[in-house]
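Grab a coffee and open the viewer. Below are some short exercises, each with a worked solution.

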Amino acid sequence: MAGIGTCCTTLSSTRTSPLEFESLTIRGGIFLGKPIRRRALRIRAEVSYVNADEAKKLIAVEGYTVLDVRDKSQFDRAHIKSCYHVPLFIENKDNDLGTIVKRTLHNNFSGLFFGLPFTKPNSEFVQSVKSKFQPGNKLLLVCQEGLRSTAAANKLEQAGFENVACIISGLQTVKPGTFDTVGTTELQDAGKAGLITIQGKISAVLGTVLVCAYLFITFFPDQAEKLFPPSS
C-alpha cells in the first residue's frame, strides 16, 4: 500500500487567498498541506524627472505644488513664487568638539570661497512634509543642482507619496522668466556665493586693464616708452 501510494502520488499547488497551500494529490483526492507564506508585493510609484518647461506645465495644468528643499541661504536668494520650503539639510549649530572642528574647516574653505553653509541632514524632513501635504498630493521638488531633490523624492516615495516630480539638474538650468520668482537674484544664480562670485568680476577688470595696456603700447609707443623705460 505504501509502495502504491508512492508511485501514484503527484505534487501540485492550488491557489487560495490570501495564503497558498501545498497540496498533495493521491488517486484524484486533494489534501491540503501546510500554508506557504509569500511576501506581499507593493507597487511603488516612480519619481518623474522633467525639464523646466515640463515642470511649468505640471504646475499650471496638472496642479503640482512646488516644494523647495534647498538650504535657507539659497532659498532666500531666489525661489519660485508661492512655493513651500522644507530643507533637506539644515544649518549645523551643534557645539560638540568634532562638529566645531569640522565647521571651522568648512567655513575657512568651502564656506569662504563658495558661500556654502555648514549643514546636516534634516531629521524632521519627511515629518515636516507630511504635516503640510497628504501622500496623494502632487509635488514638484526643486533644488539647485538636482541632487537634493532626487534624494528628497526617494525619501517621500518610501514614505508613501505617489505623485512626485523633480526638475532635471535643478534650478541652475532654469532660464530667466520661466517662473515667477522672489529674491535678489535669478534662480540659476542662487547657488553662487562667497569669493567665487567676485572672481569673474576680478578677471574681467584685469582683462580690461591688460587690453588697454596693449592698445596703449601699440598705438602710443613713444609715450609708453617714457612711462615704462626699458631697464638697462
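**Exercise 1. Two helices**

At roughly what angle do the axes of helix H6 and helix H7 cross? Work out how the pair is arranged and which residues make the contact.

*Solution.* Keep in mind that this is a predicted model.

Step 1. Find H6 at residues 125–132 and H7 at residues 147–158. Their axes come within 10 Å and cross at roughly 70°.

Step 2. Angles of 65 to 115 degrees count as roughly perpendicular, so H6 is roughly perpendicular to H7. The crossing of the two is right-handed.

Step 3. Now the side chains. H6 brings Phe 125, Val 126 and Val 129 to the contact, and H7 brings Ala 152, Lys 155 and Leu 156. Sort the residues of this contact and you get five nonpolar, one charged and no polar.

**Exercise 2. The largest core**

Find the largest nonpolar core and say which elements feed it.

*Solution.*

Step 1. This core has 19 residues. The members that touch the most other members are Ile 80, Leu 140, Ile 167, Leu 171, Phe 179 and Leu 187.

Step 2. Four elements each supply at least two residues of the core: helix H2 (52–60) and strands S6 (78–80), S10 (138–142) and S11 (163–167). H2 gives the most, with three residues.

Step 3. Another core lies apart from this one, with 17 residues that include Leu 88, Leu 139, Phe 161 and Val 164.

Step 4. Back in the largest core, zoom in on Ile 167. Skipping residues up to four places away in sequence, Ile 167 touches Val 50, Asn 51, Ala 52, Ala 55, Leu 140, Leu 141, Val 142, Gly 146, Thr 173 and Phe 179.

**Exercise 3. Ala 52**

Is Ala 52 buried or exposed, and what is it in contact with?

*Solution.*

Step 1. Ala 52 sits in helix H2. Its relative accessibility is 12%, and buried means under 20%, so Ala 52 counts as buried.

Step 2. Leave out neighbours within four places in sequence, and Ala 52 is in contact with Ile 167, Val 174, Thr 178 and Phe 179.

Step 3. Take Phe 179 from that set. Ala 52 and Phe 179 are 127 residues apart along the chain, yet their C-alpha atoms are separated by 8.9 Å.

**Exercise 4. A loop with two characters**

Compare Ser 82 with Cys 83: which counts as exposed and which as buried?

*Solution.*

Step 1. Place them. Ser 82 lies in the loop between S6 and S7, and Cys 83 lies in the loop between S6 and strand S7 (84–85).

Step 2. Ser 82 has 65% relative accessibility and counts as exposed, whereas Cys 83, at 14%, counts as buried.

Step 3. Check the backbone. Phi of Ser 82 is near 65°, a positive value in a residue other than glycine. For another serine with phi near 65°, go to Ser 169, in the loop between S11 and strand S12 (181–183). Ser 169 counts as partly exposed, at 33% relative accessibility.

Step 4. Look around Cys 83. Beyond its neighbours within four places in sequence, Cys 83 is in contact with Val 66, Asp 68 and Phe 75. Asp 68 is 15 residues from Cys 83 along the chain, and their C-alpha atoms are separated by 6.8 Å.

**Exercise 5. Zoom out**

How many helices and strands are there in the chain?

*Solution.* Count nine helices and twelve strands. Of the 232 residues, 27% count as buried. Among contacts between residues at least 6 apart in sequence, 63% join residues at least 24 apart.

Notes. Residues numbered from 1 in each chain as written. Predicted model: local features only at pLDDT ≥ 70, side-chain atom pairs only at ≥ 80, totals over all residues. Heavy atoms only, no water. Core = buried A, V, L, I, M, F, W, Y, C linked by side-chain atoms within 4.5 Å. Buried < 20%, exposed > 50% of the residue type's maximum accessible area, 1.4 Å probe, protein only. Contact = heavy atoms within 4.5 Å. Axes fitted to C-alpha atoms, helices over the stretch in contact; angles between N-to-C directions. Parallel < 35°, antiparallel > 145°, perpendicular 65-115°, else oblique. Left-handed = near helix turned anticlockwise from the far one by under 90°. Nonpolar A, V, L, I, M, F, W, Y, C, P; charged D, E, K, R; others polar.
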